[in-house]
Amino acid sequence: MTSPRTLSLHNTLTRAVAPVVPLVPGVISLYTCGPTVYNFAHIGNLKTYLFQDLLKRTFLAAGYEVRHCMNITDVEDKIIRDSQKDLPEPAPNEARHAAMKALTDRYTACFLEDLAALDILPPTYTPKATAYVPQMIRLIQALEAKGLAYAREGSVYYRIAGLPQYGCLAHLDRDGMKAGASVDTDEYERDAAQDFVLWKATKPGEPWWDSPWGQGRPGWHIECSAMGMELLGDRIDIHSGGVDLVFPHHENEIAQSEGCLGHTWVNTWVHGEFLLVEGEKMAKSAGNFYTLRDLLDKGIRAEALRFTIQSNHYRKVLNFSFEGLKASENALRRVRTFRKRMEGDGAAFGQGAWKERTEPAQRVAEAREAFWDALADDLNSPEALAALFTLITDLNAHDDREALTRAERDAVLAFLDETNAVFACWPHEAEDLDAGVAVLIEQRRAAKAARNWAEADRVRDELKAMGILLEDRKDGTITWRRT
Ligand SMILES: [Zn+2]
């Protein structure tokens, strides 16, 4: 077995692109912050999950095993706000938890549907925060024992003055930070304005858990530290999220985990940029707010969104537009048509085999090299795709001049499979439809051979109605493509 290809990523900790050297050779541990499930994911959220799927598929296609943990945040301020509002007061704690679970179960299912529709690979672990409260409590106790956490009126806070490296990820100026305004939105009693909450004392109208500090619930940041440490361990290769999570969420995760462990928790932090819609910030009030369902209702295919997002470099702001989606659909059609051409339909293939030639095979090898060089360099997906599209242009022209041989077509198809393992947008078409098309093409060929032009035209029209366009080529072969 060959060793996996080395891939480099931009590390937010160092602000530099560097090779990812996994802690266990050949295995990547990956933690990605999952959704807070109180509503549908919007396309800004989906941009992050699609970039992470590209990241994960690139490691898989490069020969690594990937252990991926993506949490589901199912207890949090907004979840409590939305799930408790219709409960009769006073309500027992069990009813509060049940109402919270009903809301989060509903939107967790919707979220998993979105992932499936977008062909995002399921994570190895999908822990729900509410199932890890004992681990969160133990982590907070460990921080207390180290003098990094303190309790005030039933809540527990992190003492950031106790951790010299606080601010390392967001590259904060500690002096500026002290003078600065709010660094966390939680409003509770604490020693220093920058200290953040680990455990929140319960308030009227909220579901609660018992804890050493009384009834309360975990803060958001502690959830990811506890689940990540429990499922992926004390050292993790890659942790990822959107840029909006760098501060305070990921900075606080580092403080919690490293404060407890006493060593580096995550080697590489990878953050994806945000998204604009037609040049504007996406907002419900601006009327430019979209979920995947909104796009599907407009007749847009999920893979067009997938391709639009993944063809943009993950560290660049994506300007989402309907024009861009249309361009993606055209690009995808081009790859599929090319794949179809390379798959052939059983008609005679080129006679190139009798000639000694290396050109098409060489072009595939070059494109493959360029494709992987680009991905290995901080996941440069636009450049990787450029290598593929240049190959398509070249080989279409070559195939027009002189048909590719079966062996050459197979080399191209293998490369298309390899690129599809990363981008998941040009799979094999359904076999049964292809078989039906092949039968009709054969009927037409027989009609033409019998000089039954009326029948040949009739079959051509029948295929056209199925969205299949035939192309009679100069060398006598017939190819077809979808319109
Ligand atoms: Zn997180």
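The exercises below, each with a worked solution, introduce the main features of this structure, which is a predicted model.

**Exercise 1. Describe the chain as a whole: how many helices and strands are there, and what share of the residues is buried?**

Begin with the secondary structure, where the chain holds 15 helices and 15 strands. Next take the extent of the chain, whose C-alpha atoms fill a box of roughly 90 × 50 × 40 Å along the principal axes. Then turn to burial, and find that buried residues make up 52% of the 483 residues. For the contacts with a separation of 6 or more, residues 24 or more positions apart account for 76%. Finish with the surface and the charges: the chain exposes about 21,500 Å², of which carbon and sulfur atoms supply 53%, and it carries 57 positive and 71 negative side chains, with the centres of the two sets 4 Å apart.

**Exercise 2. Work out which residues coordinate the zinc ion, and why the arrangement of the donor atoms is called irregular.**

The first step is to list the donors, which are C33 (SG), C224 (SG), H249 (NE2) and E253 (OE), at 2.0 to 2.7 Å from the zinc ion. The second step concerns the angles: the four donor atoms subtend angles of 74 to 128° around the zinc ion. A tetrahedral site would need all angles to lie between 85 and 135 degrees, and because the range here begins at 74°, the arrangement counts as irregular. The third step is to place the donors along the chain, where they follow the spacing C-x190-C-x24-H-x3-E. C33 lies in the loop between β3 (27–32) and α1 (43–61), whereas H249 lies in helix α7, so this pair ties together parts that are 216 residues apart in sequence. Lastly, C33 and H249 are both buried.

**Exercise 3. Find where the cis peptide bonds from E89 to P90 and from F247 to P248 lie.**

As background, most peptide bonds are trans. The bond from E89 to P90 is cis, with omega near -5°, and P90 is found in the loop between α2 (77–84) and α3 (93–117). A cis bond also joins F247 and P248, with omega about 5°, but P248 is placed in helix α7, which covers residues 246–261.

**Exercise 4. For R15 and R451, give the sign of phi and decide whether each residue is buried, partly exposed or exposed.**

It helps to recall that most residues other than glycine have a negative phi. R15, although it is not a glycine, has a positive phi of about 60°, and it lies in the loop between β1 (8–11) and β2 (16–19). Its relative accessible area is 40%, so R15 is partly exposed. R451 likewise has a positive phi of about 60° without being a glycine, and its place is the loop between α14 (431–449) and α15 (453–465). With a relative accessibility of 63%, R451 counts as exposed, because the cut-off for that class is over 50%.

**Exercise 5. Locate A170 and say which residues it touches.**

First, A170 is found in the loop between β6 (155–158) and α5 (174–179). Second, its relative accessibility is 16%, so A170 counts as buried. Third, leaving aside residues up to four places away in sequence, A170 touches R15, V246, F247 and E251. Two of these names have appeared above: R15 has the positive phi, and F247 is joined to P248 by a cis bond. Finally, A170 and P90 are 80 residues apart in sequence and 43 Å apart in space, C-alpha to C-alpha.

How values were computed. Residues numbered from 1 in each chain as written. Predicted model: local features only at pLDDT ≥ 70, side-chain atom pairs only at ≥ 80, totals over all residues. Heavy atoms only, no water. Helix = DSSP H or I, 4+ residues; strand = E, 2+ residues; numbered from the N terminus. Buried < 20%, exposed > 50% of the residue type's maximum accessible area, 1.4 Å probe, protein only. Contact = heavy atoms within 4.5 Å. Areas by Shrake-Rupley, 256 points an atom, 1.4 Å probe, with all protein chains shown as cover. Lys, Arg positive; Asp, Glu negative; His and termini not counted. Charge placed at Lys NZ, Arg CZ, Asp CG, Glu CD. Donors = N, O, S within 2.8 Å, 3.2 Å for Na, K, Ca; no water. Tetrahedral: all angles 85-135°; square planar, octahedral: opposite > 155°, others 65-115°.
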